[in-house]
Every structure is written in structure tokens, then in C-alpha cells.
Amino acid sequence: MAATMDLSVELSKNMLTTNNVWMMLATALVFIMHLGFAGVETGFGQAKNTVNILFKNTITPIIGIVSYACVGFYLMYPGFEAPGWLSFDFAGWNMFWFSPASADVSVNYADGGYTYWTDFLFQAMFAATAATIVSGAIAERVKLSAYLVFTVFFVGLVYPLIGSWKWGGGALDAMGFYDFAGSTLVHSVGGWGALAGVILVGPRIGKYVNGKTVDKPGASVPLAVIGVFLLWLGWFGFNGGSVLSADPALVSLVLVTTSLGACAGGLGGFFAAYFAFKRLDLGMLLNGILAGLVGITAGADVITPGGAIFIGFVAGVLVVLSAILLDKLKLDDVVGAVSVHLTCGIWGTLAVGIFSTNPEHSFITQLIGVAICGATAFSAAFLIFFTLKKTVGIRVSAEHEKTGLDSHEHGIRGYTIVYDE
């Protein structure tokens with residue numbers, strides 16, 4: 001009997017180690033997505049704003065992780081007993097609760113899937129991603145100081161509040177709403193924030209002239225392509241890590257549906273752009289890949305491979321149609337963040353109610369959850385941006401925008417060629 005118990009304990013420890021190693025690897029993959037976002041935004045942005053864009057994308061995960069450590073993680077996973085909307089035990093909160101003495105690193109934490117430390121770091125990477133989505137949409141004309149203040153509040157308060165309603169065992173979870181890895185809770189939340197920013201900041205100077213949309217060539221197409229492939233790579237950790245263990249059957253299924261969704265999204269973006277613009281549009285091909293990834297994220301573990309292809313393809317078509325609509329509405333989104341993350345995040349979440357292999361998933365429940373999260377995220381982001389606009393301002397001067405933010409705010413340029421005299 002003693003030998004059996006010892007073997008059981010040893011197996012549990014080995015399983016914890018295996019699960020935790022996979023979760024740490026997934027965390028690293030999600031972290032590398034920030035480099036992907038930086039590449040996409042820099043590539044699609046104008047050369048005169050390269051340093052500004054890179055600065056934002058470098059400091060965003062820094063602020064995001066710290067604010068999530070100080071406030072967000074506790075708010076998102078408060079451990080309350082009854083499901084609710086604001087059921088937080090503020091009396092037990094302490095921004096310095098990260099203590100090796102109190103952290104649970106045993107097999108008793110998270111069903112032996114990972115340790116307390118891994119749990120925090122994995123979730124912190126998700127939180128910082130939500131803020132990065134906003135960065136790309138309002139690039140090239142937003143004040144850096146205003147963006148940083150927005151990031152603190154959005155990542156520290158808004159994102160974890162909404163996330164707690166599902167992933168923290170709150171009211172959305174109780175009503176049966178399903179979002180496996182964050183089509184709504186991460187991507188459309190960030191997309192709603194981006195939409196609020198685009199509306200309040202306004203379009204770039206010269207983007208819409210006499211009813212026509214003026215293209216502003218990006219600084220580096222190769223860099224944008226590299227960024228998309230880095231994001232695709234990171235998504236294996238984003239979705240694969242959301243299994244919250246190294247379960248071989250489920251992780252492998254999730255990675256297959258994730259990749260198929262990306263491929264189908266690329267095809268959808270390619271065909272839709274060809275019919276709409278009569279050209280082989282690389283930008284829409286790239287955004288189609290990201291659209292497919294966002295679309296499959298909500299149901300990657302409950303969708304068949306065939307369903308993943310359909311969901312991804314529709315997402316790729318939607319991202320093109322959404323981009324066209326935004327331009328007609330004169331909503332200037334530099335990288336297509338609203339179309340990719342908001343439009344396709346909504347579609348992917350609703351698709352769970354249609355294509356899920358779990359009969360308990362309902363389209364109406366998904367629709368209600370999307371509406372609740374959307375109304376909250378957009379209202380909160382709009383309020384933060386509006387307050388900043390009326391106080392410190394959120395837009396740089398016309399002179400700085402025309403000549404480029406790099407030289408005015410950073411004193412260096414992103415692309416400099418020096419010739420020896």
C-alpha cells in the first residue's frame with residue numbers, strides 16, 4: 001500500500017512538471033506575440049513614426065504586466081464563492097501579495113496543471129495583449145502620454161473586470177457563455193477599446209480627402225510579414241496554453257484547429273480582397289491570417305477541423321468587408337485592428353453557438369455575452385479616452401504629425417542612412 005501511494009505521488013509530481021513546462025513554453029510563445037505586434041504596426045505605419053511605434057510596443061507589455069500584477073490578476077481571479085458582476089473581496093487585496101511563502105506550487109493548485117507563478121505570468125501576457133491591440137489602431141497621431149495612461153486603466157481594471165465574469169467564475173460563466181481562449185474576452189475587448197480610440201482621436205491628416213481614402217504606404221512590408229508569422233507562432237501558445245495543461249489529445253486538437261483557422265482566414269482575405277480591389281492584396285492576405293486566428297480562438301477546443309476552416313474563411317472575408325466599411329465611415333485604423341480583433345472576435349464567439357461539438361453551447365447565450373462584454377469595454381474605453389481628451393489631450397499637434405513623431409518625441413529616426421564624407 002505504501003509503495004502504491006509513493007508511486008501515485010511521484011506520478012502526480014511528474015505530471016505537474018510536464019504540464020507546467022508546457023504552460024511556461026506557451027507563456028513564452030504569447031510573449032513573443034508582442035514582437036509580432038511591433039512588427040506589424042511598424043511595417044504598416046509610416047517610416048517617420050517608426051521609433052514612436054516601437055517605443056509604444058516595447059513599453060506596453062511592461063506597463064501591462066506590472067499593472068496586472070498590482071491590480072488586475074487579483075480582480076480577475078478573486079476567488080469569490082457566488083457568481084456575480086462585482087463580487088470582489090477588496091478587503092483581502094494586497095498589491096504585494098506575491099510571496100514565495102504563500103504561493104501554491106503543489107499539485108493541489110489548478111488540478112496539477114501549473115503553479116501559481118505560471119498562472120500569473122500566462123494571464124499577464126494575455127492582459128498586455130489586449131492593450132497592444134489598441135496601439136495599432138490609433139498609431140501615428142496619438143499622444144504617447146495619453147496612450148500610456150489609457151493602458152494602465154484598461155489593462156489594470158477594465159480587462160480583468162470583464163475577464164472575471166467568465167474566467168474568474170462570474171456571471172457570464174454561470175449563464176453558460178463560452179470563450180475558450182479569448183475571441184471576446186481578449187480580442188474584441190481590445191477591439192472595442194481600439195474603436196473608441198479611433199473615434200475620439202480622429203483620422204490622420206490627409207487620410208480622407210474629398211470623399212476618397214488616401215493610402216499611406218507603410219515603412220516596411222517585409223517587417224509586417226515577419227510580424228504576422230510571429231503572431232501566428234505565438235498563437236500556438238495563446239490557444240494551446242489555454243488548455244491549461246499538457247493534455248496530448250486536447251492540445252494537439254487545438255493546435256490543428258488554430259492552424260487551419262489561420263490558413264482559411266488567409267484564403268478568405270485573399271479572395272475577398274481580389275474581388276473587392278481587383279489585385280493580389282498582401283495586406284489583406286496578412287490580416288486574413290490574423291482574422292482566422294482571432295475567429296477560431298473562442299472555440300478552438302470544441303470545433304472540428306472542418307468547422308475551423310469554415311470559421312476562418314468567413315473571418316477572412318469579414319476582415320476585408322469591415323476594413324472597407326471603416327474607411328467609408330472615415331474611421332482611420334492604421335493596422336486594421338478593429339476589423340481583425342473586434343469584427344472577427346465577435347464572429348468567432350458567435351460561431352461557437354453554431355458549430356460547437358458541445359450541445360450545451362447556445363448561440364443566444366453567446367450573443368448575450370458578446371453584447372455585455374462589448375457594451376462594457378466600449379463604454380469604459382470611451383470614458384477613459386474622453387476624459388483624457390478633455391483634460392490633457394490625446395492627439396499630437398498637426399506639425400508633429402506631419403513631420404513625424406520620431407524626431408519630435410524621441411530625437412532619433414527609425415531608418416537612418418549615414419554616408420562617410
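In this predicted model, the axes of helix α6 (residues 183-201) and helix α12 come within 8 Å and cross at roughly 40°. The crossing of α6 over α12 is right-handed. On the α6 side, the residues that take part are T184, L185, V189, W192, G193, L195, A196, G197, I199 and L200. They meet V370, C373, G374, A377, F378, A381, F382, F385, F386 and K389 in α12. Sorted by class, the residues of this contact between α6 and α12 comprise 15 nonpolar, 4 polar and 1 charged.

Helix α12 (residues 363-391) also packs against helix α4 (residues 144-166), where the two axes come within 10 Å and cross at roughly 160°. Angles over 145 degrees count as roughly antiparallel, and α4 and α12 are therefore roughly antiparallel to each other. Here too a right-handed crossing is found, with α4 passing α12. From α4, the residues A146, V149, F150, F153, F154, V158, I162 and W165 reach the partner helix. Waiting for them in α12 are I372, C373, T376, A377, A380, A381, I384, F385 and L388. This contact of α4 with α12 holds 16 nonpolar residues and 1 polar residue, with no charged ones. A reader following α12 through both contacts will meet C373, A377, A381 and F385 in the list for α6 and again in the list for α4.

Another pair is formed by helix α9 (residues 282-297) and helix α10 (residues 305-328), whose axes come within 7 Å and cross at roughly 130°. That angle makes α9 oblique to α10. The crossing of α9 past α10 is right-handed. In α9, the residues in contact are M284, N287, G288, A291, G292, G295 and I296. Their partners in α10 are A308, I311, G312, A315, G316, V319, V320 and A323. By class, the contact of α9 with α10 counts 9 nonpolar and 6 polar residues, and no charged ones.

Attention now turns from packed helices to empty space. Rolling a probe the size of a water molecule over the atoms shows where such space is left. The largest pocket contains about 880 Å³ of space. It is lined by 29 residues, and those closest to its centre are K207, D215, D281, M284 and V334. Helices α9 and α10 appear again here, since each of them, like α1 (2-44), supplies at least two residues of the lining. M284 is thus worth a second look, being one of the α9 residues that meet α10 and also among those closest to the centre of the largest pocket. The lining of this pocket is made up of 14 nonpolar, 7 polar and 8 charged residues.

The second largest pocket has a volume of about 260 Å³. Of its 14 lining residues, Q123, W167, F180, S242 and L244 lie closest to the centre. Which helix gives the most to the lining of this second largest pocket? That helix is α3 (residues 116-137), with 4 residues. The lining as a whole divides into 9 nonpolar, 2 polar and 3 charged residues.

Besides the pockets, the structure holds 1 cavity of 30 Å³ or more. The volume of the largest cavity is about 120 Å³. It is lined by 14 residues, of which F37, V40, V335, A337 and H341 are the closest to its centre. Two or more residues of this lining come from each of α1, α3, α9 and α11 (337-355). In terms of class, the lining of the largest cavity has 8 nonpolar, 5 polar and 1 charged residues. Helices α1 and α9 therefore deserve a place in the overall picture, as both help to line the largest pocket and also the largest cavity.

Technical notes
Residues numbered from 1 in each chain as written. Predicted model: local features only at pLDDT ≥ 70, side-chain atom pairs only at ≥ 80, totals over all residues. Heavy atoms only, no water. Axes fitted to C-alpha atoms, helices over the stretch in contact; angles between N-to-C directions. Parallel < 35°, antiparallel > 145°, perpendicular 65-115°, else oblique. Left-handed = near helix turned anticlockwise from the far one by under 90°. Contact = heavy atoms within 4.5 Å. Nonpolar A, V, L, I, M, F, W, Y, C, P; charged D, E, K, R; others polar. 1 Å grid on protein atoms, 1.4 Å probe; cavity = no way out; pocket = protein on both sides within 12 Å on 5 of 7 lines; lining within 4 Å. Points joined across faces, edges and corners; volume = space filled by probe spheres on them.
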